[in-house]
Amino acid sequence: RGYRELENTTVLQLFTTVQPVDRLSLMLSGSYMLATTPIQGFDATGAPTGDGASDLGFEVDLNGSYTIAKGLSASALTGVFVPGAAAANLITGNDENRDVAWEIKLVAVAKF
């Protein structure tokens with residue numbers, strides 16, 4: 001199963017970027033995703049079940065980038081996604097298992 005209906009999605013997002021010191025940049029964003037048409041669950045045969053749900057979930061990201069020297073920087077990218085009932089219906093067919101997804105990524109960039 002795949003969610004091929006991006007036209008069915010509304011995303012509300014707030015974000016900000018700050019530079020607390022000269023070489024450090026921090027970005028914080030929060031997104032809430034909503035299906036404009038409810039997504040139904042499905043049973044073992046693939047038949048639709050229930051009335052459906054619209055809450056796809058929300059995501060919070062915090063990214064930081066530090067310039068070590070000209071052409072050399074390091075970044076930390078972190079995020080958490082909390083799936084809603086509609087995302088659970090889409091992935092597992094029901095609203096019973098909504099495990100939170102986490103990401104932590106460290107990146108070093110050297111330009112020469």
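A residue counts as buried when its relative accessible area is under 20%, as exposed when that area is over 50%, and as partly exposed in between. The exercises below apply this to a predicted model, whose protein chain averages a pLDDT of 91, with 95% of the residues scoring at least 70.

**Exercise 1.** Determine how many of the eight residues of helix H1 are buried, and which strands they pack against.

*Solution.* Begin with the helix itself, which spans residues 85-92. Applying the limit of under 20% relative accessible area, one finds Ala85, Ala86, Ala87, Ala88, Asn89 and Leu90 to be the buried residues of H1. These are six of the eight, so the helix is largely enclosed by the rest of the structure. Next, look for the partners of these buried residues, which pack against E2, E3 and E4. Finally, turn to what comes after the helix: H1 is followed by Gly93, which has a positive phi near 90°. As for confidence, H1 has the lowest mean pLDDT among the elements of the chain, at 89, whereas E4 has the highest, at 97.

**Exercise 2.** Trace the pairing of strand E4 with E3 and with E5, and state in which sense the strands run.

*Solution.* Take E3 as the starting point: this strand, residues 48-69, pairs with E4, residues 72-83, in the antiparallel sense over twelve bridges. Within this pairing, Thr67 stands opposite Ser73 of E4. The hairpin of E3 and E4 has two residues between the strands, and Gly71 takes a positive phi there, near 85°. Then move to the pairing of E4 with E5, residues 101-110, where ten bridges join the two strands, again running antiparallel; here Leu72 has Ala110 in E5 as its bridge partner.

**Exercise 3.** Classify Val11 and Tyr32 as buried, partly exposed or exposed, and place each of them in its surroundings.

*Solution.* Val11 lies in strand E1, residues 9-21, and because its relative accessibility is 47%, it counts as partly exposed. Tyr32, which belongs to strand E2, has a relative accessible area of 31% and is therefore partly exposed. The two residues can now be linked, since, leaving aside neighbours within four places in sequence, Val11 is in contact with Ser31, Tyr32 and Met33. The C-alpha atoms of Val11 and Ser31 are separated by 6.5 Å, although these residues stand 20 residues apart along the chain. Lastly, Tyr32 joins Leu12, Leu28, Leu34, Phe58, Val60 and Leu62 in a nonpolar surface patch with about 570 Å² of accessible area together, to which E2 and E3 each supply at least two residues.

Terms used:
Residues are numbered from 1 along each chain as its sequence is written. This is a predicted model: local features need pLDDT of at least 70, side-chain atom pairs count only at pLDDT 80 or more; totals for chains, interfaces and linings use all residues. Side-chain values use heavy atoms; hydrogens and water are left out. Two strands pair if DSSP finds at least two bridges between them. Helices (H or I, at least four residues) and strands (E, at least two) are DSSP runs, numbered from the N terminus. Patches are made of residues with over 30% relative accessible area and no salt bridge: like charges are joined within 9 Å, nonpolar side chains (Val, Leu, Ile, Met, Phe, Trp, Tyr) within 5 Å. Accessible areas come from the Shrake-Rupley method with a 1.4 Å probe; for residues, only the protein chains shown count as cover. A salt bridge is a side-chain nitrogen of Lys or Arg within 4 Å of a carboxyl oxygen of Asp or Glu. Buried means under 20% relative accessible area, exposed over 50%, partly exposed in between (1.4 Å probe, protein chains only). Contact means heavy atoms within 4.5 Å. pLDDT is the predictor's confidence in each residue, from 0 to 100.
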